[in-house]
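This briefing walks through one protein chain, topic by topic. Please keep the sequence and the structure in view while reading.

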Amino acid sequence: MSIIPWKMVVIPCLKVPQRHAQLYRKYLQSQGVLDRKYTAQKHSDGTVTLPVIASVLAQLDLVALTKHVAQDSFCEIVDIQAPSLSKKEKVQSFHKRLIETAQSLLISKREKWNEDLERDIPSRWQCHGDLVLFSEGCFSNAIWKEIGSEFWTAVAQTLGVKRLAQIKKISQDGYRTPIVTMLLGDSSYVTHIDNHIRYEFDVTKCMFSSGNITEKLRIASFDCSGETVVDLYAGIGYFTLPYLVHAKASHVHACEWNPDAVKALQRNLQINGVSDRCTVHQGDNRQLPLRDLADRVNLGLIPSSEEGWPVACHLLKRDTGGMLHIHQNVTTPLHHEPPEHSSAIDVEKGSSMEESSPRIQRDMQVWTAWASDTARRICTLLSDITGSKWRTNIKHIEHVKTYAPHISHIVLDLECKPL
């Protein structure tokens, strides 16, 4: 009997320096070259390999690519053994298994399976350690509650976790407290690790947006050494911690008015070893007594952080100015959809509009119009507050995620300088 040797699956990848990997990844994704079926891999030599689609390799001009993304870097095409499937591919696989689990359980109980029940099975969720958090709009059929713990135990086993919870909606208590029901398990306290930062919080009391991961990674790439940063909407430390742990800010003033979030924030500062470089201000940031001290202010509130603009202007250093990172949900025209993936306009390097699809170009035009109006209004605010003239400069516009149909969550990096 002959033995057929195992054949290694090999895929093409772009090998780049780790410190520039996120920039290369986003550019490849915007050009439709990134193979999103597989994950990127870090290597011991300080490089990262980014999977690319073999059929479009001929389109890659490596010299032009390096010049566009990061002139002081390098890149090369290499073939490697196929890495792990991407998170999206894994979720799709788990979605199919969830359907099979539910269908099998119902049939065993002599219940009929139909398309409505299949559509009621979630295709995405948040995972926090051994707890999976489902969003509203799934498991709405009464039959799941009728089966009860047997069904939830089967779901947990399929997903490889011990606890299940579902968020129904966000309360209008001013704190954006999530209304969460525990489906399986008693404790709602979880641990979540992002980019080597540990977050601990109670899912029934504090929000955690997994969709902001690209912005957290972007902040982690900043060099804030020697800077004083103010985070006006700190939450449990979504952006405060990347500023401290990775961007190496000298000091961060973190503002938060939700008492439960403040407790989690203080705990997270401690467990990540950066509490000595952060001052937590509990309460309404509009009452913040600080003035004239910030090199950088983060305004990470959506749908709009506009109420915090005057506060941010008071905080900037009067003699040197600084940078504002202004978050906003921007509505795009109804005749086209917002971009599915993260996009960016980098004013220093030149807009990426010319290399984007017409659809993305139109979206970027909407974002740029909002950014220009915001820059003008911030400039006026600064002049009114300080009594002197200022100039504002749009440095970058980042698309974080699609928040809802035709609504994009973007961040404006606005440089503010006194004249």
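In helix 6, which spans residues 149-159, the buried residues are F151, W152, A154, V155, A156, T158 and L159. The model is a predicted one, and the points below should be read with that in mind. Buried residues account for 49% of the 419 residues in the chain, whose secondary structure comes to 11 helices and 18 strands.

**Helix 6 and the aromatic cluster**

- Directly after helix 6 comes G160, a residue with a positive phi, near 75°.
- Two of the buried residues of helix 6, F151 and W152, also belong to a cluster in which ring pairs link them with W125, F134, F139 and W144.
- The structure holds 11 aromatic pairs, and in one of them the ring centres of F134 and F139 lie 5.1 Å apart with the planes at 85°, so this pair counts as edge-to-face.
- F139 also forms an aromatic pair with W144, again described as edge-to-face, with 6.1 Å from centre to centre and 80° between the planes.
- F134 and F139 are both buried; for F139 the relative accessible area is 4%, which falls under the 20% cut-off for a buried residue.
- W144 is buried as well, because its relative accessible area of 0% is under that 20% limit.

**The largest cavity**

- The structure holds 1 cavity of 30 Å³ or more, and the largest cavity encloses about 40 Å³ of space.
- Its lining is made up of D194, N195, I197, Y199, I213, K216, L217, A220, P242 and H246.
- Strand 10 (197-202) and helix 7 (213-220) are the elements that give two or more residues to this lining, and helix 7 supplies the largest share, with 4 residues.
- By residue class, the lining of the largest cavity divides into 6 nonpolar, 2 polar and 2 charged residues.

**A four-stranded sheet**

- Strands of a sheet pair through backbone hydrogen bonds, and such pairing may be either parallel or antiparallel.
- In this structure, an open sheet of 4 strands follows the order 2-3-1-4, and the pairing is antiparallel.
- Strand 2 (41-42) and strand 4 (76-81) stand at the edges of the sheet with a single partner strand each, so one side of each is left without a neighbour in the sheet.
- Strand 2 and strand 3 (residues 47-51) run antiparallel and are joined by 2 bridges; Q41 has T49, in strand 3, as its bridge partner.

**Helix 3 and contacts across the sequence**

- S93 lies in helix 3, which covers residues 87-108.
- With a relative accessible area of 35%, S93 counts as partly exposed, because this value lies between the 20% limit for buried and the 50% limit for exposed residues.
- S93 and S123 stand 30 residues apart in sequence, while their C-alpha atoms are 9.5 Å apart in space.
- For the chain as a whole, 67% of the contacts between residues at least 6 apart in sequence join residues that are at least 24 apart.

Conventions
Residues are numbered from 1 along each chain as its sequence is written. This is a predicted model: local features need pLDDT of at least 70, side-chain atom pairs count only at pLDDT 80 or more; totals for chains, interfaces and linings use all residues. Side-chain values use heavy atoms; hydrogens and water are left out. Rings of Phe, Tyr and Trp (its six-membered ring) pair if their centres lie within 6.5 Å; planes under 30 degrees apart count as stacked, over 60 as edge-to-face and the rest as tilted. Buried means under 20% relative accessible area, exposed over 50%, partly exposed in between (1.4 Å probe, protein chains only). On a 1 Å grid over the protein atoms alone, a cavity is a set of points where a 1.4 Å probe fits but cannot get out, and a pocket is an open set with protein on both sides within 12 Å along at least five of seven lines; lining residues have an atom within 4 Å of a point. Grid points are joined across faces, edges and corners, and a volume is the space filled by probe spheres set on the points. Ala, Val, Leu, Ile, Met, Phe, Trp, Tyr, Cys and Pro count as nonpolar, Asp, Glu, Lys and Arg as charged, and the others, Gly among them, as polar. Two strands pair if DSSP finds at least two bridges between them. Contact means heavy atoms within 4.5 Å.
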